[in-house]
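Me: Could you walk me through this structure and explain the reasoning behind each label as we go?

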Amino acid sequence: MELQYFLLLAAALFCIGVYGLITSRNAVRVLMSIELMLNAVNLNLMAFSNFLDPGEIKGQVFTVFVITVAAAEAAVGLAIILSIYRNRDTVDMEQFNLLKW
Amino acid sequence: MDVPSLSTQLNPLVILPELIVLTALVVVVVCDLIVGRTASRWTPYVAVSGLLVSVVQLGFQWNNDHAIAFLGGFNGDALSIVFRGIIALSAAVTILISIRYIEQSGTALSEFISILLAATLGGMFLSGADELVTIFIALETLSISSYLLTGYMKRDPRSNEAALKYLLIGASSSAIFLYGISLLYGLSGGATKLVDIGTALTLSTGLGDPSIGIVIALVFVIAGVAFKISAVPFHQWTPDVYEGSPTPVVAFLSVGSKAAGFALAIRLLVTAFPVVWEQWRFVFVALAILSMILGNVVALAQTSMKRLLAYSSIGQAGFVMLGLIAGTEQGYASMIFYLFIYLFMNLGGFTCVILFSLRTGTDQISEYAGLYQKDPLLTLGLSLCLLSLGGIPPMAGFFAKLYLFWVGWQAGLYGLVLLALVTSVISIYYYIRVIKMMVVKEPQEMSAAVLHYPVVQWNLPGMRPLQVSLISMVLITSLAGILSNPLLSLANASVSNTPLLQSFIKASTVSVSITDVDSHL
């Protein structure tokens, strides 16, 4: 296996994430798209760490940190979505238009 | 490995100021748990004194020769000390002005303070982070705490909406930033320390053009940084978040969080990207032009005071970028000086906005009409802070702007400085509009909110700290311009004491003179 395949896979995953981020109307799906983008980053880091830095595997350590922080971010995100659902009875992004100029 | 050698290697005393803030945070949380609701009478003061002690401790570390801690993960040089000081001070003032606001809204004060302290910790670590993992963790500590603060009024749908927008845009921008960082890790052949990345990129590029990978990584990283300093076109969240979130949080976001973003921008770009110096300078020129124009022009059309300050802060970020683009020693010093002055004048302005919304419950600019008749002190304070933000002499903001523009002119950025002058004239118009609203109106033209203005009382719980911060911020804003020498020498000393900036300035001036010679040949 070569490094390029991993990087291509990660880039494709990242693009899918960006696509989902732009097109989704459901707030939970937007959150899932962001998770996809973070997982693309994880793939990148793992690939680089195995091919370029097999001694110190700093990329693998970084990946653990990314996974942890992604979990924290998802928890906070779901909490905010829950509180907005309680107040507005919807998670549709296009309904959130109280704030605009 | 034994303990003494381990401690000399890790050098943990560099993060003593952060440890003090952390202690204050733990004390606030634990005491609130043990004592209960009555603890909120004194926990804010524990937090504020912790922050102030931390600032004093930062002062003691000024001439520290062993500034690198945690095997290169954290760099406590003079540049980081100045930025950590700005962030800690802004958090202290934010706590003072938030006590009454949070109590009146009926939410828990101690939780608010502990989240704010966590955000401060993130910002302070970010200012000194010198390694990719540390940068990422510090950035996320700051961001996640900011999302929580934004959504703190959980019964208010506007606060919910602001928090959701901030979270989604913030999380996606940090994912993009992270993708850039992962490319950087690969391109440098597996280095995570910024210095190592810088050398690896320089070696791999040699004398030729930088590879497309480096440029892509640069663009992704700049996208993440520009989100934090809310530069156009990464600003869409700013007005919505500013309008929806609790006003003290906005005060912190506009000063503390922004200062942390600038600290990250300087350290990351200067240390890791000296190879693509021309490119990142070009990108920042574009960001500065867009921010100055859009921020100041759109602010003209605003009817809400908080949205007006949001757009004005976008414009101000554009001005600060001038110093970064200039790239000279005085360029960085003028940035730091401007951020210091901006801290005082912007927090002063927000103190007045909070005071007005506490007494009347509104943020609309039209409701400020005729305020002078009812509350001269508030009118005076808000007028002075707005004049300073607009850059009218002899306020502090004028001298800060003057220094910034002068440095830009010295560095040959004539077009940018002219644009900055024009846009700051535009900005004066909308600041003056608010002042005119408050001062000139006849008594019969008063707005409904001002007509029913309550009697000014300072002895309610939580009003004294608000008064203290109002008066001190306004005093500093009006006097710091004339007595600016200590601040100015602090800013200059912080740049000349920072090795990484010195070596970068030397290298960039050499390369500029080489290109000059080339063009003459």
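Me: How many aromatic pairs does the structure hold over all chains?
Reply: Over all chains of this predicted model, there are 22 aromatic pairs.

Me: Why is the pair of A:F14 and B:F220 called stacked?
Reply: Two values decide that. The ring centres of A:F14 and B:F220 lie 6.1 Å apart, and the cut-off for pairing is within 6.5 Å. Their planes stand at 25 degrees, and planes under 30 degrees apart count as stacked. The pair is therefore stacked.

Me: What makes the pair of A:F14 and B:F220 one that joins two chains?
Reply: A:F14 sits in helix α1 (residues 3-23) of chain A, while B:F220 sits in helix α9 (residues 212-228) of chain B, so the pair joins two chains.

Me: Why does A:F14 count as buried or exposed?
Reply: Its relative accessibility is 6%, and buried means under 20%. A:F14 therefore counts as buried.

Me: What kind of pair do B:W409 and B:Y414 form, and why?
Reply: The ring centres of B:W409 and B:Y414 are 4.6 Å apart and their planes are at 75 degrees. Planes over 60 degrees apart count as edge-to-face, so that is what this pair is called.

Me: How do you know whether B:W409 and B:Y414 are buried, exposed or partly exposed?
Reply: The partly exposed range lies between 20% and 50%. B:W409 has 39% relative accessibility, so it counts as partly exposed. B:Y414 has 44%, so it counts as partly exposed.

Me: Which residues form one aromatic cluster?
Reply: That cluster is made of B:Y147, B:Y166, B:F227 and B:W237.

Me: How do you know that B:R359 lies over the face of B:W458?
Reply: B:R359 is 5.1 Å from the ring centre of B:W458, and the distance cut-off is within 6 Å. The angle has a cut-off too, within 35 degrees of the ring normal, and B:R359 is placed over the face of the ring.

Me: What makes the pair of A:R88 and B:E161 a salt bridge?
Reply: The closest N and O atoms of A:R88 and B:E161 are 3.5 Å apart, and the limit is within 4 Å. The rule finds one salt bridge across the interface of chain A and chain B. Across that interface it also finds 10 residue pairs in polar contact, both residues being at pLDDT 80 or more.

Me: Which helix gives the most to the side of chain A that touches chain B?
Reply: That is α3(A), with 16 residues. On that side, α1, α2 (27-52) and α3 (58-88) of chain A each supply at least two residues. In total, the contact takes 40 residues from chain A and 45 residues from chain B.

Me: What is the area buried between chain A and chain B?
Reply: The area is about 3600 Å², and carbon and sulfur atoms give 77% of it.

Me: Why is B:A119 called buried or exposed?
Reply: B:A119, found in helix α5 (residues 109-128) of chain B, has 0% relative accessibility, so it counts as buried. Beyond its neighbours within four places in sequence, B:A119 is in contact with B:T141, B:L142, B:S145 and B:F252.

Me: And how do you know whether B:T351 is buried or exposed?
Reply: The relative accessible area of B:T351 is 0%, and the limit for buried is under 20%, so B:T351 is buried. B:T351 belongs to helix α14 (residues 329-360) of chain B. A polar atom of the B:T351 side chain lies 2.6 Å from the backbone oxygen of B:L347.

Notes: Residues numbered from 1 in each chain as written. Chains lettered and ligands numbered in written order. Predicted model: local features only at pLDDT ≥ 70, side-chain atom pairs only at ≥ 80, totals over all residues. Heavy atoms only, no water. Phe/Tyr/Trp six-rings, centres within 6.5 Å; stacked < 30°, edge-to-face > 60°. Helix = DSSP H or I, 4+ residues; strand = E, 2+ residues; numbered from the N terminus. Buried < 20%, exposed > 50% of the residue type's maximum accessible area, 1.4 Å probe, protein only. Contact = heavy atoms within 4.5 Å. Buried area = accessible area lost by both parts, 1.4 Å probe. Salt bridge = Lys/Arg side-chain N within 4 Å of Asp/Glu carboxyl O. Polar contact = N/O pair within 3.5 Å; in protein donor to acceptor, adjacent residues only side chain to side chain.
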